[in-house]
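Reader: Hello! I am new to this structure; could you walk me through it?

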Amino acid sequence: MLPGDLSEVLAIERQVFDTPWTIDFFLSCVRDGSRCRLLEVDGKPGGYCILHQVRDRAEIYTLAVSPPLQGHGFGRLLLRDAISGARDGAASSVVLEVRPGNTRAVNLYESEGFTDLSRIADYFENSDGTTEDARVMSRRP
Ligand SMILES: CC(C)(COP(=O)(O)OP(=O)(O)OC[C@H]1O[C@@H](n2cnc3c(N)ncnc32)[C@H](O)[C@@H]1OP(=O)(O)O)[C@@H](O)C(=O)NCCC(=O)NCCS
């Protein structure tokens, strides 16, 4: 993912998340050395995953696949790529936060060996002002 990709990344981000990240957040990830991977399908951006590592703890900041491309294995591909990046970086754990009601994502993470580490109350803020807990999940890379 390069700065020039961000308008297309943001277009996907706005389709899949209720409270999308801003361009500044993506830019800071691209510039701070996070592993920012863009999936291209037929030459067009179709998804992305950002992995941020501090010392031996790697965190998946975001993972998304464009709606028309969902359900074809691209999310798993991006997730496995991030896990392998954490392995390459000698991380001892990969962690992520997910909404308990996000069945697709939870199924994907559980099927890739992520288990519950903790739960954070009212972690996610929705656009309607409500909040949702986060399941914090982790695995060894
Ligand atoms: C979550 C997401 C990244 C998964 O990517 P994807 O490309 O759709 O998923 P894949 O095709 O790789 O499927 C991987 C697994 O996810 C689960 N899954 C996929 N679609 C599903 C559905 N409709 N219902 C339930 N589980 C589903 C399954 O466990 C699937 O494995 P299987 O095909 O062996 O059964 C994608 O749906 C997405 O971008 N969602 C919106 C953004 C989001 O919620 N990101 C995660 C934030 S924590």
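**Charged pairs, core and ligand**

Author: Searching the whole structure turns up nine salt bridges, a salt bridge being a side-chain nitrogen of Lys or Arg within 4 Å of a carboxyl oxygen of Asp or Glu. This is a predicted model, in which local features need pLDDT of at least 70 and side-chain atom pairs count only at pLDDT 80 or more, while totals for chains, interfaces and linings use all residues. Residues are numbered from 1 along each chain as its sequence is written, and side-chain values use heavy atoms, with hydrogens and water left out.

Reader: Thanks! How far apart are the closest N and O atoms of Arg-76 and Glu-112?

Author: The pair links distant parts of the chain, with Arg-76 in helix α3 and Glu-112 in the loop between α4 and β5 (115–125), 36 residues apart. Helices (H or I, at least four residues) and strands (E, at least two) are DSSP runs, numbered from the N terminus. In their salt bridge, the closest N and O atoms are separated by 2.6 Å.

Reader: Is Glu-112 buried or exposed?

Author: Buried means under 20% relative accessible area, exposed over 50%, and partly exposed in between (1.4 Å probe, protein chains only). Arg-76 has 32% and is therefore partly exposed. Glu-112 has a relative accessibility of 8%, so Glu-112 counts as buried.

Reader: Which helix gives the most to the largest nonpolar core?

Author: A nonpolar core is a set of buried Ala, Val, Leu, Ile, Met, Phe, Trp, Tyr and Cys residues joined through side-chain atoms within 4.5 Å. The largest one here has 23 residues, and Ile-60, Leu-79, Tyr-109 and Phe-114 have the most contacts inside it. Elements supplying at least two residues each include β3 (57–65), α3 (74–88) and α4 (103–111). With five residues, the element that gives the most to this core is α3.

Reader: And which residues come nearest to the ligand?

Author: An oxygen atom of the ligand is 2.8 Å from a polar backbone atom of Val-65, and a backbone N or O atom of Gly-73 lies 2.7 Å from a ligand oxygen. The side chain of Asn-102 has an N or O atom 2.7 Å from an oxygen atom of the ligand. Of the 20 residues around the ligand (a heavy atom within 4 Å), those that come nearest are Leu-63, Val-65, Gly-73, Arg-76 and Asn-102.

How values were computed:
Polar contact = N/O pair within 3.5 Å; in protein donor to acceptor, adjacent residues only side chain to side chain.
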